[in-house]
Structures are given as C-alpha cells and as structure tokens.
Amino acid sequence: MRSQEARSTSSCAACKLWKRRCTPNCIFAPHFRSDEPKKFAKVHKVFGASNVSKILIEVTEEQREDIVNSLAYEAEARLRDPVYGCIGAIALLQRKMIQLQHDLALARARLSLYATTYSAGISNPESHRFRTVALGEFPVACGGFMDSFSQTCNEVNQDAHI
Amino acid sequence: MSSGRCAACRYLRRRCTEDCILSPYFPSNNPQRFVSVHRIYGASNVTKLLLQLPTHLRAEAADSLYFEAQCRLEDPVYGCVGLIFMLQQQIHAAESQLVKTQAEIAVMKSQGQNPEAQQAEQDFNNLLLQQSDNDAALSFPNQVSSGFI
C-alpha cells in the first residue's frame, strides 16, 4: 500500500504552485519551503523555474542555498524596480562610497593639518597640500560600466516620483 | 530576409517581425548579449518585462538585465549581489575610518588651542568654502534611486 505521507502538506513552494506532487529528489524542495510561497513566486516570475533549476544543477549542494538567496534578492529588486533592479542599489552604494571617500580625504587632510601644526608649533601656510590628498585607498567596485547607470537612475527616479 | 533578424530571433530561429519587441535592444551585431540574457532570464520573461515598461525606459532595462546576467554568469552563486556585498563592506570600512579620523581630530583639537593652529584651521575652512562654491555648479544629486537597501 502506498504511503500517503507524500501527499501531505510537505510539498515545496514550487510544487505547490504547480499543483504537483513533490518528489523526494525535487531540486527546489530544500530551498523553497512551503511556508515561503512568495519567495519562489518572485524567483519564478523573474528568472523562470527552468532557468533556476539549470543554475542549481550546475553547482554543488553546499552552494545552492546561497544561490537561491541571491536569486531571491535579485528577483525582489527587479520586481520593485523593473527598469534597474539591483543596478539601482549598486548605483546608490557607489555614490555613497564616492561621498565617503571625499569626506575621508578631507578628514585626513584636516588631521594632517593638526598633526603638522602641533608638532612643528608654527603656522602652516601650505594649504595647497590639501588639494593633493589621494582618494585611491578605497577603489569603488565596478566603476566604468556603472557610471552611465548612476546618472540615469537619478533622472528616471526623479520622474517616477512626480 | 534572414539577415534582417535581430539577435533574439536569430537565436530562437524565428521570423523577426517589424514590431519585434526585442530587436531594438538585442541587435544582430551582438549575439552574445542576447545569449547571456536568455540564459539567465529566458526570452519570454525578458519580453514580458519589457512589455510592461514604457518605451523610453526599455533600453535601460535591457542594459541592466544584461549587466545582471553577465554578473550571474561570472559568479553563479552571488551574481551582482556579490557586488552589493562588496560595496557595503567597503562603505562600512570607510565609515569606520572616517569616525576614527574624526575622533583623532577631536583629540588633537582638545590637546591645545594655540593661535597658529586656529589660523591654520580657519585657512583650511576657507579653502573648503572656496572649493564648495566652485563645485556648486556640478552639484551631484543625493536622491535615492532605489529604496531596496
């Protein structure tokens, strides 16, 4: 007699969505639990279940949980911002990083000013030195390609908020 | 006739019609662009996504999909989320450095207020004001592009 346990509510979110029986070797089951239906729905909407399963099959089991979480993150971002998805977040972080680099350079210049003045005990007229403080200690990730998105993201989102 | 097909229709082996939604963004001279996007998102999902957007935003959307697809192909585990993590870490490190430097400045200032130091600081502040006036024309916007993070 067949066990009826396979027909219990242990179906994963994917099989629940497709209204099919969830088999023991279902590739989605370990990562899309039945109590997280939205997670799978979002990933499926953006990437498609077929593409997700292809990605999962190509990696080791240990990596699959991280993949699923990053796909869910990207899918969420894309559904919130269909034009830029995660790129919008990256552009925002880049701008923040550039501002921080600027602030840090200024702070270091100011600190250098104090250190020089207090140690020498004389007025430091070399204010031109502050212009040459390097910004390169924290090279911002993914520069060139992102520059065009950074500017356009602002323009588009300003329009969207009107 | 077949030479007029866009990269998408060529890859999918179908006729490329005049109103093909993918053809403006996946030209035939860059087949790899469509292959990357199709591998990660699938042509059907890309088409649905572009269809829901106004025409003037579709080019940016296609570019961002391509960028994310490339990130995912290069890093199948984290994709472009890996970049976000890296930037967040860099920002955290830079913020820590900034706080530390500002604390050192506060210590230096408290150690002694002599006229030379005060003059030097005033010169420094004046210089900053001058530079900020010069930069006013450039003024980069601070608006948030995405509330996701």
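Which residues are exposed on the other side of α2(A)?

**Helix α2 of chain A**

Lys38(A) and Lys45(A) are exposed (over 50% relative accessible area, 1.4 Å probe, protein chains only). The helix spans residues 37-46, and its buried residues (under 20%) are Lys39(A), Phe40(A), Val43(A) and Val46(A). These four sit on the same side of α2(A) because they cover an arc of only 140 degrees around the axis. That arc is taken from the directions from the helix axis to the C-beta atoms. Helices are DSSP runs of H or I with at least four residues, numbered from the N terminus.

The buried residues of α2(A) pack against α1 (13-18), α3 (49-57) and α4 (61-80) of chain A. They also pack against α3 (43-51) of chain B. Just after α2(A), Gly48(A) takes a positive phi of about 90 degrees.

**Basis of the model**

This is a predicted model; local features need pLDDT of at least 70, side-chain atom pairs need 80 or more, and totals for chains, interfaces and linings use all residues. Residues are numbered from 1 along each chain as written, chains are lettered from A and ligands numbered from 1 in written order, and side-chain values use heavy atoms, without hydrogens or water.

**Nonpolar core**

The largest nonpolar core (buried Ala, Val, Leu, Ile, Met, Phe, Trp, Tyr and Cys joined through side-chain atoms within 4.5 Å) has 74 residues. Helix α5 (residues 86-120) of chain A gives the largest share, eleven residues. Phe28(A), Phe47(A), Leu22(B), Phe26(B) and Tyr41(B) have the most contacts inside this core.

Beyond four places in sequence, Phe26(B) is in contact (heavy atoms within 4.5 Å) with residues including Cys6(B), Phe34(B) and Ala62(B).

Note on methods:
Helix = DSSP H or I, 4+ residues; strand = E, 2+ residues; numbered from the N terminus.
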